[in-house]
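Visitor: Please take one part of this model and look at it closely. I would like the charged pairs, and then whatever surrounds them.

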Amino acid sequence: LAAADPVQTTAVKWQIVGPITLGLTLMRAGITADTAFDVAVRAVRSHIRAIHLRIAESLPLARQMVFLDEPMLTDLQDSSFPLSPGAAIDHISGVLASIEAFGMSGVHCCGAGDWASIMASGPGVLSLPVDQGLVDVAGYLARFLDEGGWIAWGVVGTDGPIPASAERPWRELATLWCALVRGGCDPALLLRHSLLTPACGLFSHAEGVAGRIFRLLRSLSDRVNTEATATRLTIGA
């Protein structure tokens with residue numbers, strides 16, 4: 001915040017651990033399920049309020065986009081999961097509502113999340129890695145986009161070797177988008193309501209590597225904007 005220009009900064013994105021992942025972490029520390037998730041929801045909402053106010057004071061013109069980081073939602077449908085999908089959705093929905101009071105809310109899951117349940121919790125933005133398995137939930141994604149949702153596509157992997165060029169990430173993204181269009185997604189909405197991001201966080205990468213990832217993202221974004229994938233995003237392409 002100290003380096004940001006309070007006049008020119010009009011948007012800020014930040015994220016915080018979500019209530020389900022925090023609750024599960026507390027359970028692993030020995031706290032009972034009811035107490036763990038109650039404390040998690042209260043703690044996340046309290047931290048969101050504090051961080052939001054700090055940013056608003058420093059950057060009064062900036063609209064805030066806040067993601068709940070929920071890597072543990074990959075196991076939501078497992079029989080051993082301590083919450084039902086409905087209860088998990090309720091916990092997340094309540095926290096998302098507190099974000100929507102001042103900005104745009106999102107949920108990030110860097111694995112194979114239970115996307116139908118995550119979308120049911122009501123995020124404005126869905127942050128997920130580019131994965132061809134998403135074709136299985138094309139109908140849910142189509143409805144999410146139709147209702148005004150945005151998707152932040154984790155198109156550049158961050159958990160292995162960084163691609164030398166944008167070609168492979170572009171092919172993977174275009175292939176997935178084509179399949180989603182065939183599955184019912186509106187191609188125009190896919191283009192208009194998409195953001196391109198790293199697949200996961202950059203905290204483990206040196207500054208130079210992070211810069212390289214963002215240069216790849218700029219190249220990919222320019223390609224989407226200039227080509228608009230007009231010849232590829234068609235039914236049956």
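Guide: The salt bridges come to a count of 3. The model is predicted.

Start with helix H6, which runs over residues 167-182. Arg168 forms a salt bridge with Glu172, and their closest N and O atoms are 3.4 Å apart. Both residues lie in H6, 4 residues apart, or about one turn of the helix. Arg168 is partly exposed, at a relative accessible area of 40%. Glu172 also counts as partly exposed, at 33%.

Another salt bridge involves H6. The side chains of Arg223 and Glu167 meet at 2.9 Å, N to O. Arg223 lies in helix H8 (residues 207-227) and Glu167 in H6, so this pair ties together parts that are 56 residues apart in sequence. Arg223 is partly exposed, with a relative accessible area of 24%. Glu167 is partly exposed as well, at 38%.

The remaining pair takes us to helix H2. There the side chains of Arg42 and Asp38 form a salt bridge, 3.2 Å from N to O. The two are 4 residues apart in H2, so about one helical turn separates them. An α-helix has 3.6 residues a turn, so residues three or four places apart point the same way. Arg42 is exposed, with a relative accessible area of 58%. Asp38 is partly exposed, at 38%.

Stay with H2 for a moment. The helix covers residues 33-58, 26 residues in total. From first C-alpha to last, H2 reaches 37 Å, close to the 38 Å expected. Its buried residues are Ala36, Phe37, Ala40, Val41, Val44, Ile48, His52 and Ile55. They pack against two strands, S1 (11-17) and S2 (63-69). They also pack against helices H1 (19-28) and H3 (85-100).

H1 holds a polar detail. Thr21 is found in this helix. Thr21 is buried, with a relative accessible area of 6%. Its side chain makes a polar contact with the side chain of Glu70, at 2.7 Å. The side chain of Thr21 also reaches the backbone nitrogen of Met72, at 3.4 Å. Leaving aside neighbours within four places in sequence, Thr21 is in contact with Asp69, Glu70, Pro71 and Met72.

Now back to H6 and its geometry. The helix has 16 residues, which should span 22 Å at 1.5 Å a residue. Its end C-alpha atoms are 23 Å apart, which agrees. After H6 comes Gly184, whose phi is positive, near 120°.

What does H6 bury? Its buried residues are Pro169, Trp170, Leu173, Ala174, Leu176, Trp177, Cys178, Ala179, Leu180 and Val181. In soluble globular proteins, nonpolar side chains tend to be buried together.

That leads to the core. The largest nonpolar core has 61 residues. Those that touch the most other members are Ile20, Leu68, Trp115, Leu141, Trp153 and Leu180. H6 gives the most to this core, with 7 residues. Apart from this core lies another, of 5 residues, among them Met65, Phe67, Met104 and Val125.

Trp153 deserves its own look. Not counting residues up to four places away in sequence, Trp153 touches four residues of H6: Leu173, Leu176, Trp177 and Leu180. Beyond H6, the partners of Trp153 include Leu128, Val130 and Leu134. Others are Leu190, Ser194, Leu195, Leu196 and Thr197.

One of these contacts is an aromatic pair. The structure holds 1 such pair. Trp153 and Trp177 are edge-to-face, with 6.1 Å centre to centre and 65° between the planes. The pair links distant parts of the chain, 24 residues apart: Trp153 sits in strand S5 (residues 150-156), Trp177 in H6. Both tryptophans are buried.

Put H6 together, then. Glu167 bridges to Arg223 in H8, and Arg168 bridges to Glu172 within the helix. Trp177 of H6 is buried and pairs with Trp153.

How values were computed:
Residues are numbered from 1 along each chain as its sequence is written. This is a predicted model: local features need pLDDT of at least 70, side-chain atom pairs count only at pLDDT 80 or more; totals for chains, interfaces and linings use all residues. Side-chain values use heavy atoms; hydrogens and water are left out. Rings of Phe, Tyr and Trp (its six-membered ring) pair if their centres lie within 6.5 Å; planes under 30 degrees apart count as stacked, over 60 as edge-to-face and the rest as tilted. Buried means under 20% relative accessible area, exposed over 50%, partly exposed in between (1.4 Å probe, protein chains only). A nonpolar core is a set of buried Ala, Val, Leu, Ile, Met, Phe, Trp, Tyr and Cys residues joined through side-chain atoms within 4.5 Å. Contact means heavy atoms within 4.5 Å. The expected span of a helix is 1.5 Å times one less than its number of residues. A polar contact is a pair of N or O atoms within 3.5 Å; within protein, one must be able to donate a hydrogen and the other to accept it, and residues adjacent in sequence count only if both atoms are side-chain atoms. A salt bridge is a side-chain nitrogen of Lys or Arg within 4 Å of a carboxyl oxygen of Asp or Glu.
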